[in-house]
Amino acid sequence: MTAHLPAASGSAEPVSASGGPTTLVTGIGELVTNDPTAGPGPLGLVRDAALVLAGARVAWVGPAARAPVADRLVDLGGRCVLPGFVDSHAHLVFAGDRAEEFAARMSGQPYAAGGIRTTVAATRAATDEQLVANTARLVAELLRQGSTTVEIKSGYGLTVADESRSLAVARQFSTETTYLGAHVVAPELAADPAAYVALVTGPMLDACAPHARWVDVFCERGAFDADAARAVLVAGRSRGLGLRVHANQLGPGPGARLAAELAAASADHCTHLDDEDVTALRDAGVVATLLPAAEFSTRSPYPDARRLLDAGVTVALATDCNPGSAYTTSMPFCVALAVREMRMTPAEAVWSATAGGAAALRRTDVGVLRPGARADLAVLDAPSAVHLAYRPGVPLVSGVWKDGAPRVTAWAAG
Ligand SMILES: [Zn+2]
């Protein structure tokens, strides 16, 4: 659609898909497009690159020397630009924290799913305003670290009213909202899990489906078994929700194969997989979303990304941001962990944190920089995306655009 655009040196017209003002972002030392037609490798790297943004969309991508003119110009002085991170797994609607539990665990106590109930009690006791404020704080943290798309789950309410208000809060911050009433069995129904599944697949689903795009279930010992998880997912699907599964986090189990059986968009965690699980995920086209911050924060063995990649499974990376097992909003931290601990190359980890997350959300307009994609960019105070893993813990994200608007502009102050 943009076969031959005029060069900046000519008498060119600004490129505009929207009719509004255009911005030429140039001086990009390395541009990660994730578009293999734009440059070498799966990252589609372009050196000495430029982008034209028109409204909320990318209008042009290519070498700076061939860039068209635009209404405004931003020169990044050789910095690296990549698509904004797509964090496809986050639990952001909650109250309180569990720092003491973390400290206890680091003192030798094992992680168990039951700790979720501490946050459930705090979340139920919080006002709507407190939930909105905490979610806003976390979304701002994510953005500051380069994440421009975030999936947000419910799952700390576990009543009809608390789950639906959690999703109403989530909806204020993202279109990627996920109904996770089946996080754990609500404490008041602990003696009757079947009654809780009936609630989750009945009145709670009725209240939550209008606010949600996805349904998710924690299919794990101590949470929901295969039959209960299948019932939750099938009920959600009948209401038009896409499917995601918390699978095989704490031990071997049926989650990954259930995700494959139902052709879910994503199976998340995937820490304890056997060969059949891996084959089933690949054959069903289910994205394996790996959440290494959870293993980091629970001092647990990491999932084997190399094995999944070598088998041909699409791998995404996400934060799993939650107050119990992974209280980070940093996708750069997850990229560094994936490279150091999960045998991913830096390029694979960057792809999985951007295009992989988009695949896990079945989005083609984010996680990629090509004409027509959303103008969501992360700017690194570094010459290449390798630095995300090479310089762990360093706040390299120095600029963020979302929907074509600069939201974080630290590079201008530098
Ligand atoms: Zn999770």
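1. Arg362 sits in the loop between helix H13 (346-360) and strand S14 (377-380), and in this predicted model the residue has a positive phi of about 55° although it is not a glycine. Is Arg362 buried or exposed? With 14 C-beta neighbours inside 10 Å, Arg362 counts as partly exposed, because the intermediate class lies between the limits of 12 or fewer for exposed and 20 or more for buried.

2. His269 also deserves a look at its backbone, since its phi is positive, about 95°, although His269 is not a glycine. The residue belongs to strand S11 (residues 266-269), and its surroundings are those of a buried residue, with 28 other C-beta atoms within 10 Å. On the neighbouring strand, Ala247 has His269 as its bridge partner in S11, and S10 and S11 pair in the parallel sense over 4 bridges.

3. The sheet that contains these strands is open, with 7 strands in the order S7-S8-S9-S10-S11-S12-S13 and parallel pairing. Its edge strands are strand S7 (152-153) and strand S13 (315-317), each of which pairs on one side only. Within this sheet, strand S10 (residues 242-247) is mostly covered, 5 of its 6 residues being buried. Strand S9 (residues 214-219) pairs with S10 in the parallel sense over 6 bridges, and Cys219 has Ala247 of S10 as its bridge partner. Ala247 is thus named in two pairings, as the partner of Cys219 and as the partner of His269.

4. Helix H13, which precedes the loop of Arg362, lies across S11, strand S12 (287-290) and S13, running at about 100° to S13. H13 also packs against helix H12 (residues 331-341) at an angle of about 140°, with the two axes 9 Å apart. Why is H12 classed as oblique to H13? The angle of about 140° makes H12 oblique to H13, because only angles over 145 degrees count as roughly antiparallel. H12 passes H13 in a right-handed crossing. On the H12 side the contact is made by Met331, Cys334, Val335, Ala338 and Val339, and on the H13 side by Pro346, Ala349, Val350, Ser352 and Ala353. These residues divide into 9 nonpolar, 1 polar and no charged.

5. Helix H5 (residues 193-201) and helix H7 (residues 226-238) pack at an angle of about 15°, with their axes 9 Å apart, and that angle makes H5 roughly parallel to H7. The crossing of H5 and H7 is right-handed. Pro193, Val197, Val200 and Thr201 of H5 meet Ala228, Ala231, Val232 and Ala235 of H7, and the residues of this contact divide into 7 nonpolar, 1 polar and no charged.

6. Helix H3 (residues 128-144) and helix H4 (residues 160-171) pack at an angle of about 40°, with their axes 10 Å apart; H3 and H4 are therefore oblique to each other. Their crossing is right-handed. Asp128, Leu131, Val132 and Thr135 make the contact on the H3 side, and Arg165, Val169 and Ala170 on the H4 side. How do the residues of the contact of H3 with H4 divide? There are 4 nonpolar, 1 polar and 2 charged residues in this contact.

7. A second open sheet should be described separately, as its 7 strands follow the order S3-S2-S1-S4-S14-S15-S16 and its pairing is mixed. The edge strands are strand S3 (57-63) and strand S16 (405-409), each pairing on one side only, and the twist averages 35° from one strand to the next. Strand S2 (residues 46-54) and S3 run antiparallel and are joined by 6 bridges, with Leu51 standing opposite Val61 in S3. Strand S14, which follows the loop of Arg362, is part of this sheet.

8. Helix H1 (residues 99-106) is hardly covered, since the count of buried residues among its 8 residues is 0. After H1 comes Gly108, whose phi is positive, near 120°.

Technical notes. Residues numbered from 1 in each chain as written. Predicted model: local features only at pLDDT ≥ 70, side-chain atom pairs only at ≥ 80, totals over all residues. Axes fitted to C-alpha atoms, helices over the stretch in contact; angles between N-to-C directions. Parallel < 35°, antiparallel > 145°, perpendicular 65-115°, else oblique. Left-handed = near helix turned anticlockwise from the far one by under 90°. Contact = placed C-beta atoms within 7 Å. Nonpolar A, V, L, I, M, F, W, Y, C, P; charged D, E, K, R; others polar. Pairing = 2+ DSSP bridges.
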